[in-house]
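Here is a short guide for a first look at this structure. Keep the sequence and the view side by side as you read.

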Amino acid sequence: MKKIKWLVTLLVVASIALEIIGCSGPSVPIVPQGVVVPEGFVLIPAGTFQMGSNEGYDANKPVHKVTITKPFYMGKYEVTQAEYEKYCSYTGTDSPSSSYGDGDNYPAYYVSWYDALVYCNKRSMAEGLTPCYSIKGSTDPKVWGTVPSAQDATWDAATCDFNANGYRLPTEAEWEYAARAGDNTVDSLTYSGTSDVNKLGDYAWYYPSANDNTHEVGTKLPNAFGLYDMSGNVWEWCWNRYTDEYDENTEGGSDPTGSSDGSARVVRGGGSSWNPNSDCCAVSCRGVDNPSSRHNINLGFRVVRLAN
């Protein structure tokens with residue numbers, strides 16, 4: 001009889017423990033012993049997920065299976081103006097202003113896809129890491145010359161060494177996988193952090209509550225992986241070329257890097273002023289822009305690195 005009571009007590013305790021640690025959905029990834037995550041980054045584990053959506057815009061369809069085979073570090077925040085200005089200057093006609101958000105902890109904007117590549121390699125070189133991007137056969141941005149202000153075939157042909165340990169833009173698949181933060185059921189998670197549009201404002205700066213401005217990073221709630229502003233604030237450049245052929249062939253399988261056709265690049269996450277509604281903040285929502293584009297306050301980026 002005592003054994004039965006002891007067993008019942010054990011089961012109750014186990015049930016309570018499971019309820020506490022396991023029933024609230026995904027949580028921040030467990031860091032393996034001996035792994036030191038760089039400051040300002042989050043370890044994103046390898047895994048498989050269902051990418052895309054059966055709902056919303058046609059550009060987000062169809063759903064397809066994707067596997068991320070290697071863990072990686074992703075910036076906890078969008079690259080800030082202080083981080084960007086440490087290595088780069090704003091080479092267009094505009095630079096951040098108090099009208100749209102100006103300060104060390106605001107996201108960098110008025111930044112093109114080309115500018116982002118320069119930043120990644122300069123930061124990698126400064127920190128003794130192997131640069132990922134190559135243009136004109138070189139990884140040194142000094143060799144690349146002036147960043148184009150219009151579309152440029154040479155810069156469009158940039159290559160990425162995904163085995164290098166330097167900084168780079170996330171692939172579109174890496175971005176969505178991190179935004180979903182372990183929720184891999186088709187259309188069960190609408191936004192990064194919540195599926196309740198009434199709670200979206202807790203996680204995202206978006207129109208109209210953002211007042212058409214960017215906002216300091218990390219001032220809303222993070223998603224389950226500990227990433228901030230994956231929905232809202234600024235759209236974020238990804239590596240991939242944008243294509244309407246969004247399926248198993250171009251974006252499915254293991255570690256997809258996208259199509260080799262076209263020049264326009266994918267942006268993700270939605271912003272603070274472009275959105276007529278919350279749809280663009282969805283984890284599956286795909287945007288597109290010219291790689292030379294610096295024309296708006298709503299376009300920034302965050303970086304990733306291979307995990308040690």
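The report below covers the nonpolar cores, one helix, the aromatic rings and the charges over a ring.

## The model and its main core

This is a predicted model. Its largest nonpolar core holds 40 residues. Tyr84, Tyr119 and Phe301 touch the most other members of that core. Strand 1 (41-44), helix 2 (81-87), helix 3 and strand 7 (235-241) each supply at least two residues. Helix 3 gives the most, with 7 residues.

Take Tyr119 as an example. Leaving aside residues up to four places away in sequence, Tyr119 touches Val79, Glu83, Tyr84, Tyr87, Cys88, Phe301 and Val303. Tyr84 and Phe301 are thus on two lists: they are contacts of Tyr119, and they are named with Tyr119 for touching the most other core members.

## A second core

Apart from the largest core lies another, of 23 residues. Among its members are Ile68, Tyr177, Leu227 and Tyr246. In soluble globular proteins, nonpolar side chains tend to be buried together.

## Ser124 in helix 3

Helix 3 spans residues 113-126 and contains Ser124. Is Ser124 buried or exposed? Its relative accessibility is 0%, so Ser124 counts as buried. Beyond residues up to four places away in sequence, Ser124 touches Leu129, Pro131, Gly166 and Tyr167.

## Aromatic pairs

The whole structure has 15 aromatic pairs. One of them joins Phe49 and Tyr177: the ring centres are 5.2 Å apart and the planes meet at 45°, so the pair is tilted. This pair links distant parts of the chain. Phe49 is in strand 2 (residues 47-51), Tyr177 is in helix 6 (residues 172-180), and 128 residues separate them. Phe49 is buried, with a relative accessible area of 1%. Tyr177 has 5% relative accessibility and also counts as buried.

Tyr109 and Tyr110 form another tilted pair, with 5.1 Å centre to centre and 55° between the planes. Tyr109 and Tyr110 are buried. Elsewhere, one aromatic cluster is made up of Trp113, Tyr114, Tyr133, Trp144, Trp155, Phe162 and Trp239.

## Charges over Tyr167

Which residue lies over the face of Tyr167 at 4.2 Å from the ring centre? That residue is Arg123. Arg305 also has its charged end over the ring of Tyr167, 5.5 Å from the centre. Tyr167 appears once more among the contacts of Ser124.

How values were computed
Residues are numbered from 1 along each chain as its sequence is written. This is a predicted model: local features need pLDDT of at least 70, side-chain atom pairs count only at pLDDT 80 or more; totals for chains, interfaces and linings use all residues. Side-chain values use heavy atoms; hydrogens and water are left out. Helices (H or I, at least four residues) and strands (E, at least two) are DSSP runs, numbered from the N terminus. Buried means under 20% relative accessible area, exposed over 50%, partly exposed in between (1.4 Å probe, protein chains only). Contact means heavy atoms within 4.5 Å. A nonpolar core is a set of buried Ala, Val, Leu, Ile, Met, Phe, Trp, Tyr and Cys residues joined through side-chain atoms within 4.5 Å. Rings of Phe, Tyr and Trp (its six-membered ring) pair if their centres lie within 6.5 Å; planes under 30 degrees apart count as stacked, over 60 as edge-to-face and the rest as tilted. A charge sits over a ring if NZ of Lys or CZ of Arg is within 6 Å of the ring centre and within 35 degrees of the ring normal.
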